[in-house]
Amino acid sequence: MSTMSEVHITTFGFSRGAPPLDALVYDCRALRNPHRPDRTGKTGLDEDVFNEVADHELFNDLVDHIVRQVGYRAFGENKQLIKIAIGCTMGRHRSVAVAFRVATILQYRFDMKVLTQHRDMNRDNVVCDTV
């Protein structure tokens, strides 16, 4: 590969609208939802929420799958810009936790430049009518 790949990660909530059209989309809704009233205002970046999401039996498999797919595109297809979207129901907990782990692995294990945007993480609990 001639130059380092750059990865753009967008987290989103399926209930808040469609994912970006130009991205590979990954669905985290199979992971247990840590949303509870005592976690109002917390996200997948908060340690207790992250740990609960990461403790799910499918978490590491999903993260590994995403990392392999990105790696294939970066190293196998020599893509310079890779866009992925990681979604859950509201875009606050599961998708954010998965994106954090994926970004960390891509940055530190593969020395990729990663930009992460959390589209719905700080939005009010208003659900979109169309998905």
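Which residue takes a positive phi just after H2? In this predicted model, the residue that does so is Asn78, whose phi is about 60 degrees. The description below places this residue in the context of the sheet and the helices that lie across it.

The sheet is open and consists of four strands in the order S2-S3-S1-S4, with parallel pairing. Its edges are formed by strand S2 (24-27) and strand S4 (113-118), each of which pairs on one side only. On average, neighbouring strands of the sheet are turned by 20 degrees against each other, direction ignored. In general, the strands of a sheet pair through backbone hydrogen bonds, in either a parallel or an antiparallel manner. Between S2 and strand S3 (residues 81-88), the parallel pairing extends over four bridges. Within this part of the sheet, Leu24 is positioned opposite Ile84 in S3.

Two helices lie across the strands. Helix H2 (residues 59-76) lies across strand S1 (6-13), S2 and S3, and runs at about 160 degrees to S3. Helix H3 (residues 94-108) lies across S1, S3 and S4, and its direction is at about 170 degrees to S1.

H2 comprises 18 residues and spans 25 Å from its first C-alpha to its last, which is close to the 26 Å expected at 1.5 Å a residue. Its buried residues are Phe59, Leu62, Val63, Ile66, Val67, Val70, Gly71 and Ala74. Viewed down the axis of H2, these buried residues fall within an arc of 165 degrees and therefore line one face of the helix. The exposed residues Arg68 and Gly76 are carried on the face of H2 turned away from the buried side. The elements covering the buried residues of H2 include S1, S2, helix H1 (47-54), S3 and H3.

Val67 illustrates the buried side of this helix. This residue is found in H2 and counts as buried at 9% relative accessibility. Excluding residues up to four places away in sequence, Val67 touches Val102, Ile105, Leu106 and Phe110. The C-alpha atoms of Val67 and Val102 are separated by 6.4 Å, although the two residues are 35 residues apart along the chain.

A further buried position, Leu31, is located in the loop between S2 and H1. Its relative accessible area is 4%, and Leu31 is therefore classed as buried, the cut-off being under 20%. With residues up to four places away in sequence not counted, Leu31 touches Val53, His56, Leu58, Phe59, Leu62, Arg94 and Val98. Two of these, Phe59 and Leu62, also belong to the buried residues of H2. Leu31 and Phe100 are 69 residues apart in sequence, and their C-alpha atoms are 15 Å apart in space.

Backbone geometry sets two loop residues apart for description. Most residues other than glycine have a negative phi, and most peptide bonds are trans. Asn78, which is not a glycine, nevertheless has a positive phi of about 60 degrees. This residue lies in the loop between H2 and S3 and is partly exposed, with a relative accessible area of 37%. Asp111 likewise is not a glycine and has a positive phi, of about 55 degrees. Asp111 is found in the loop between H3 and S4, where it is exposed, with a relative accessible area of 56%.

How values were computed
Residues numbered from 1 in each chain as written. Predicted model: local features only at pLDDT ≥ 70, side-chain atom pairs only at ≥ 80, totals over all residues. Heavy atoms only, no water. Pairing = 2+ DSSP bridges. Axes fitted to C-alpha atoms, helices over the stretch in contact; angles between N-to-C directions. Contact = heavy atoms within 4.5 Å. Buried < 20%, exposed > 50% of the residue type's maximum accessible area, 1.4 Å probe, protein only. Expected span 1.5 Å × (residues − 1). Arc of directions from axis to C-beta.
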